[in-house]
Amino acid sequence: MKKTYSLLILLCSILFITSCKNGQTYSDLKEAERDAINRFLTDEFNTPFLKKKITVISQAQFEKQGETTDVEKNEYVYHEKSGIYMQIVRQGCGDKIENGETLEVLTRFSEYNIKESTILVRNDIPFYVIYNNQRYDYSSAPDKMTVERIGSSFSASFVSGAMSSFHGSAAVPAGWLIPLNYVKVGRWSEGEIAKVRLIVPHSQGTVDASSSVYPCYYEITYERVN
């Protein structure tokens with residue numbers, strides 16, 4: 001009995017050491033995420049979407065430029081508090097969302113896992129993914145979300161569309177809401193709708209990104225419904 005017990009202790013010890021050696025801590029995962037973002041920022045051929053090296057500007061420079069980013073220079077403003085990088089491709093038409101306003105917003109997007117160099121889901125074109133040997137088809141219909149502004153803070157939830165279906169959650173990534181401080185959310189009938197590009201760390205991303213600690217690149221448009 002003693003010999004059996006000793007063998008069990010030894011086996012458990014070996015398994016524990018092996019798991020620690022092969023496993024990654026949260027700190028390790030965050031460091032890997034930072035490395036992936038840094039590679040993405042400096043690689044001129046980093047995604048199927050971008051073919052030009054990114055130029056990072058500070059929030060002070062962004063404000064000096066009238067809260068705009070130079071698309072020709074491929075400028076992205078770095079938000080220190082949230083850790084996101086944002087490029088405003090089009091500021092949009094109509095008006096900004098006002099304090100106390102609640103509205104429905106249509107959005108088209110593409111979501112790219114920077115760490116794995118993989119397109120996860122998109123609705124800007126018809127798209128499908130294979131998961132567990134099963135095919136999931138997504139149309140080019142826009143996602144719909146309800147957005148509310150209280151002061152300088154925004155909250156939102158998906159009503160329908162590819163994001164909530166793919167990630168199994170109605171929660172809108174916090175990173176998606178930051179551009180709403182700077183762009184106008186109008187209708188197609190009023191002119192060109194707002195479009196942004198974002199690099200979003202896991203802490204500001206989807207529930208899947210948060211749990212697996214990976215950053216995403218997004219191209220997103222915002223269109224007012226009501």
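**Exercise 1. The sides of a helix**

Which residues of α2 are buried? Determine also how they are placed around the helix axis.

*Solution.* The model is a predicted one, in which local features need pLDDT of at least 70, side-chain atom pairs count only at pLDDT 80 or more, and totals for chains, interfaces and linings use all residues. Residues are numbered from 1 along each chain as its sequence is written, and side-chain values use heavy atoms, with hydrogens and water left out.

Step 1. Fix the terms. Helices (H or I, at least four residues) and strands (E, at least two) are DSSP runs, numbered from the N terminus. A residue is buried under 20% relative accessible area, exposed over 50%, and partly exposed in between (1.4 Å probe, protein chains only).

Step 2. Apply them to α2. Its buried residues are Leu29, Glu33, Ala36, Ile37, Phe40 and Leu41. They lie on the same side of α2, because the arc that they cover around the axis is only 135°; this arc is that of the directions from the helix axis to the C-beta atoms.

Step 3. Turn to the other side of α2, where Arg39 and Thr42 are exposed.

Step 4. Find the partners of the buried residues. They pack against the strands β1 (55-57), β3 (85-90), β5 (109-113), β11 (194-200) and β12 (216-224), where contact means heavy atoms within 4.5 Å.

Step 5. Check the length. The expected span of a helix is 1.5 Å times one less than its number of residues. The 17 residues of α2 should therefore span 24 Å, and the end C-alpha atoms are 25 Å apart, which agrees.

**Exercise 2. Pockets and a cavity**

Describe the two largest pockets and the largest cavity by volume and lining.

*Solution.* Step 1. Consider the method. Rolling a probe the size of a water molecule over the atoms shows where empty space is left. On a 1 Å grid over the protein atoms alone, a cavity is a set of points where a 1.4 Å probe fits but cannot get out; a pocket is an open set with protein on both sides within 12 Å along at least five of seven lines, and lining residues have an atom within 4 Å of a point. Grid points are joined across faces, edges and corners, and a volume is the space filled by probe spheres set on the points.

Step 2. Take the largest pocket, which holds about 220 Å³ of space. Among its lining residues are Lys30, Arg34, Tyr78, Tyr85, Pro201 and His202. Helix α2 (residues 26-42) gives the most to this lining, with five residues.

Step 3. Sort that lining by class. Ala, Val, Leu, Ile, Met, Phe, Trp, Tyr, Cys and Pro count as nonpolar, Asp, Glu, Lys and Arg as charged, and the others, Gly among them, as polar. The result is four nonpolar, five polar and three charged residues.

Step 4. Take the second largest pocket, of about 160 Å³. Its lining consists of His79, Lys81, Ser82, Ile178, Asn181 and Tyr182, divided into two nonpolar, three polar and one charged.

Step 5. Take the cavity. The structure has one cavity of 30 Å³ or more, and the volume of the largest cavity is about 40 Å³. Phe158, Met163, His167, Ser169, Ala171, Pro173, Thr206 and Val207 line this cavity; five of these are nonpolar, three are polar and none is charged.

**Exercise 3. Buried residues in loops**

Where do Gln204 and Thr69 lie, and what does each touch?

*Solution.* Step 1. Gln204 sits in the loop between β11 and α6 (207-212). With a relative accessible area of 17%, Gln204 is buried. Beyond its neighbours within four places in sequence, Gln204 is in contact with residues including Ser82, Pro173 and Ile178.

Step 2. Thr69 belongs to the loop between α3 (59-64) and β2 (75-78). Its relative accessibility is 7%, so Thr69 counts as buried. Not counting residues up to four places away in sequence, Thr69 touches Ile57, Phe62, Glu75, Val77, Met86, Gln87 and Ile88. Thr69 and Met86 are 17 residues apart in sequence, with their C-alpha atoms 8.4 Å apart.

**Exercise 4. Positive phi**

What is the phi of Asn74, and what is that of Val213?

*Solution.* Step 1. Asn74, although not a glycine, has a positive phi of about 55°. Asn74 is in the loop between α3 and β2 and, at 4% relative accessibility, counts as buried.

Step 2. Val213 likewise is not a glycine and has a positive phi of about 55°. Val213 lies in the loop between α6 and β12, and its relative accessibility of 2% makes it buried.
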